[in-house]
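Dear colleague,

I am handing over the structure below, and after it I set out what was found in it. Please read the notes with the coordinates open beside them.

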Protein chains: 2
Amino acid sequence: MTLKYSRQREAIREFVMSRHDHPTADVVYMNVRREFPNISLGTVYRNLTLLADIGQLTRIRLGDGVDHFDAITEPHYHFVCKECGVVYDLDFPILDTVDSEADTGFEGGRIDGHITYFYGKCKDCLAEG
Amino acid sequence: MTLKYSRQREAIREFVMSRHDHPTADVVYMNVRREFPNISLGTVYRNLTLLADIGQLTRIRLGDGVDHFDAITEPHYHFVCKECGVVYDLDFPILDTVDSEADTGFEGGRIDGHITYFYGKCKDCLAEG
DNA sequence: GGTTAAACCAGTAATAGTTACTGTTTTGAT
DNA sequence: ATCAAAACAGTAACTATTACTGGTTTAACC
């Protein structure tokens, strides 16, 4: 299954790269449609999955039942506003100590890592009330 | 909207309380059906949601696209086996330091807490190879 | 540059998990 | 015992995602 170039995939990749707001498949679809008016949603999903598989994107799950995609592939944490759902990157390093802390006295298996997101109220929602 | 007693809700609550494996709505449905053969899946969902809303259960999302329910409502961490999907409770305290660490220098809003789950390979899957 | 097989596509159907609706039954306060 | 509110069973609808199908694009090879 050798990878072949595709204009659609390139547009999808470029769109996600251009955004910092962790778009969902649907948002990608809406936007890439401006360049490819009859691109199919299936193509968007297939390519997002493919790009995530080859490590050019990261799929992030934030408990809202929708997959988000992130162009930044280096591990990092996220902040989610409970009010409006906006997602920000947090730029402090992954806390490896947390894994070893969890590992101490854990007899259930081997811990390889952790998934964390922080929640709260974003600046805009705080300002509103 | 005063709460009224219901035998079905009680059975659902008792079932989740009796288990430590964080069952999904479907698992609850399958099991409660032994006592209430024609309980509806909608009733299970409605009551799980209600019980979570009044704080008798916790809804946990582990990135597998299915909601799990946990009878332990005190905040605690979970371990998920990437191989077989089994979920264990981890009994070390919530690391509040993590929140303050994330908060330092974060201008995007107010951080109220974090959701974390640890992943790896469970004892049984390690033994298999 | 033409041929050709594999990758890819658009369009559509199917699936999984969950929520919403509808008409009937249960609950509990009066 | 009456009766309104809450809950129910059964079913339909919805959302996010994946799978299928027959046609199109890509790129390796002559």
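Which element supplies the largest share of the surface near DNA strand D? In this model, which is predicted, that share comes from α3(B), with 3 residues.

**DNA strand D**

The elements that each supply at least two residues of the surface near DNA strand D are α3 (41-53) of chain A together with α1 (7-18) and α3 (41-53) of chain B. There are 21 residues around DNA strand D, of which Tyr45(A), Met1(B), Ser6(B), Thr43(B) and Arg46(B) come nearest, and by class the residues of this surface divide into 7 nonpolar, 8 polar and 6 charged.

Among the atoms of DNA strand D that lie within 4 Å of the protein, 79% belong to sugar or phosphate, and the rest belong to bases. Two of the polar approaches involve phosphate oxygens of this strand: an N or O atom in the side chain of Thr43(B) is 2.3 Å from one, and a polar backbone atom of Asn38(B) is 3.2 Å from one. Lys4(B), by contrast, has a polar side-chain atom that lies 2.8 Å from a base nitrogen of DNA strand D.

**DNA strand C**

For DNA strand C, there are 21 surrounding residues, and those that come nearest are Met1(A), Ser6(A), Thr43(A), Arg46(A) and Tyr45(B). Of the atoms of this strand within 4 Å of the protein, 79% are in sugar or phosphate, with the rest in bases.

Both protein chains reach phosphate oxygens of DNA strand C: from chain A, a backbone N or O atom of Asn38(A) lies at 3.2 Å, while from chain B the side chain of Tyr45(B) places an N or O atom at 2.7 Å and that of Arg7(B) has a polar atom at 3.2 Å. The elements giving two or more residues to the surface near DNA strand C are α1 (7-18) and α3 of chain A, together with α3 of chain B. Of these, α3(A) gives the most, with 3 residues, and the surface as a whole has 7 nonpolar, 8 polar and 6 charged residues.

**Chain A against chain B**

Turning to the protein interface, the contact takes 30 residues from chain A and 30 residues from chain B, and the two chains bury about 2700 Å² between them, 66% of it on carbon and sulfur atoms. Of the area that chain A buries against chain B, Arg110(A), Ile115(A) and Tyr119(A) supply 20%, which is more than any other three residues.

As for polar interactions, 13 residue pairs are in polar contact between chain A and chain B, counting those with both residues at pLDDT 80 or more, whereas the rule for salt bridges finds 0 across this interface. The side of chain A that touches chain B draws two or more residues from each of β4 (87-90), α4 (96-103), β5 (109-122) and α5 (123-128) of chain A. The element that gives the most to that side is β5(A), with 14 residues, and by class the side has 15 nonpolar, 7 polar and 8 charged residues.

The strand β5(A) is also joined to strand β5 (residues 109-122) of chain B, through 13 bridges, and the two run antiparallel. Within this pairing, Phe118(A) has His114(B) in β5(B) as its bridge partner.

With best regards

Key:
Residues numbered from 1 in each chain as written. Chains lettered and ligands numbered in written order. Predicted model: local features only at pLDDT ≥ 70, side-chain atom pairs only at ≥ 80, totals over all residues. Heavy atoms only, no water. Contact = heavy atoms within 4.5 Å. Buried area = accessible area lost by both parts, 1.4 Å probe. Salt bridge = Lys/Arg side-chain N within 4 Å of Asp/Glu carboxyl O. Polar contact = N/O pair within 3.5 Å; in protein donor to acceptor, adjacent residues only side chain to side chain. Helix = DSSP H or I, 4+ residues; strand = E, 2+ residues; numbered from the N terminus. Nonpolar A, V, L, I, M, F, W, Y, C, P; charged D, E, K, R; others polar. Pairing = 2+ DSSP bridges. Near = heavy atom within 4 Å.
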